[in-house]
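Work through the exercises below with the sequence and the model side by side. Try each task before reading its solution.

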Amino acid sequence: MSAIWYPLGKKHLMRGEVALHSDAIIAILLSNAYTYNSTHEYRDDLTGEMATITLTSKTVSDEGVFDADDGIFSIGSPATKAAIAIVKDTGVASTSILLGFVNEGFSFGTLVSGSQPVHWDDGPNKILAIS
């Protein structure tokens, strides 16, 4: 799995506006209607949202690696999954900060509906890592 930081999300983290271990952090499954853009900053920049899960049992290691429990997306209408966005959820799309973008692994590019499990990377980078 490959996860990258949204540059403006990293800025918010460095300014102390995001606490990965205590803020509401969600994962949003995105269809191929969304195209990553490094200037995207808030959830209202996303298109093609398919499903959302709240990340639980979040941890941040001494090495700056963010992890959480695996989860299951519940997808209504069939769509082609393309990526996952990691977001600080404020409850308002225009203030919910985009943090990370995952576009490898999870059989991206396939048509899905129903329950879609997400198993975060068990390697050294987990969900997101400061590097």
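The exercises cover cores, a small sheet, a buried strand residue and salt bridges, all in a predicted model.

**Exercise 1. The cores**

Task: Find which residues have the most contacts inside the largest nonpolar core, and which elements give two or more residues to this core.

Solution:
- Step 1. Start with the core itself. The largest nonpolar core has 26 residues.
- Step 2. Pick out the residues with the most contacts inside this core. They are Leu55, Phe73, Ile84 and Ile86.
- Step 3. Assign the elements. Strands E2 (25-31), E3 (49-54), E6 (71-88), E7 (97-102) and E8 (111-118) each give two or more residues. E6 supplies the largest share, five residues.
- Step 4. Look beyond this core. A second, separate core holds 11 residues, including Tyr6, Leu30, Ala85 and Val87.
- Step 5. Return to Leu55 and set aside its neighbours within four places in sequence. Leu55 is then in contact with Ile25, Ile26, Ala27, Phe66, Ala68, Ile86, Trp120 and Ile127.

**Exercise 2. The three-stranded sheet**

Task: Give the strand order of the open sheet formed by three strands, and say which are the edge strands.

Solution:
- Step 1. Read the order. The open sheet runs E4-E5-E9, with antiparallel pairing.
- Step 2. Find the edges. E4 (59-60) and E9 (128-129) each pair on one side only.
- Step 3. Check one pairing. E5 (residues 65-67) is joined to E9 by two bridges.
- Step 4. Place a residue in this pairing. Phe66 stands opposite Leu128 in E9.

**Exercise 3. Val102**

Task: Decide whether Val102 is buried or exposed.

Solution:
- Step 1. Locate the residue. Val102 sits in strand E7.
- Step 2. Apply the cut-off. Buried means under 20% relative accessible area. Val102 is at 0%, so it counts as buried.
- Step 3. Compare sequence and space. Val102 and Ala3 are 99 residues apart along the chain, yet their C-alpha atoms are separated by 4.3 Å.

**Exercise 4. Salt bridges**

Task: State how many salt bridges there are, then describe each pair.

Solution:
- Step 1. Get the count. There are three salt bridges. Opposite charges on side chains can pair when the charged atoms come close.
- Step 2. Take Lys11 and Glu41. Their side chains meet at 3.5 Å, N to O. Lys11 is in helix H1 (residues 7-14), and Glu41 is in the loop between E2 and E3. The pair links distant parts of the chain, 30 residues apart. Lys11 is partly exposed at 28% relative accessible area, whereas Glu41 is buried at 16%.
- Step 3. Take Lys88 and Asp23. Their side chains form a salt bridge at 3.4 Å, N to O. Lys88 lies in strand E6 and Asp23 in the loop between H1 and E2, so the pair ties together parts 65 residues apart in sequence. Both Lys88 and Asp23 are buried. For Lys88, the relative accessible area is 15%.
- Step 4. List what else surrounds Lys88, leaving out residues up to four places away in sequence. Lys88 touches Glu17, Val18, Asp23, Ala24, Ile25, Ser96, Ile97 and Leu99.
- Step 5. Take Glu49 and Arg43. Their side chains meet at 2.7 Å, N to O. Glu49 is partly exposed at 37% relative accessible area. Arg43 is buried at 18%.

Definitions and conventions
Residues are numbered from 1 along each chain as its sequence is written. This is a predicted model: local features need pLDDT of at least 70, side-chain atom pairs count only at pLDDT 80 or more; totals for chains, interfaces and linings use all residues. Side-chain values use heavy atoms; hydrogens and water are left out. A nonpolar core is a set of buried Ala, Val, Leu, Ile, Met, Phe, Trp, Tyr and Cys residues joined through side-chain atoms within 4.5 Å. Buried means under 20% relative accessible area, exposed over 50%, partly exposed in between (1.4 Å probe, protein chains only). Helices (H or I, at least four residues) and strands (E, at least two) are DSSP runs, numbered from the N terminus. Contact means heavy atoms within 4.5 Å. Two strands pair if DSSP finds at least two bridges between them. A salt bridge is a side-chain nitrogen of Lys or Arg within 4 Å of a carboxyl oxygen of Asp or Glu.
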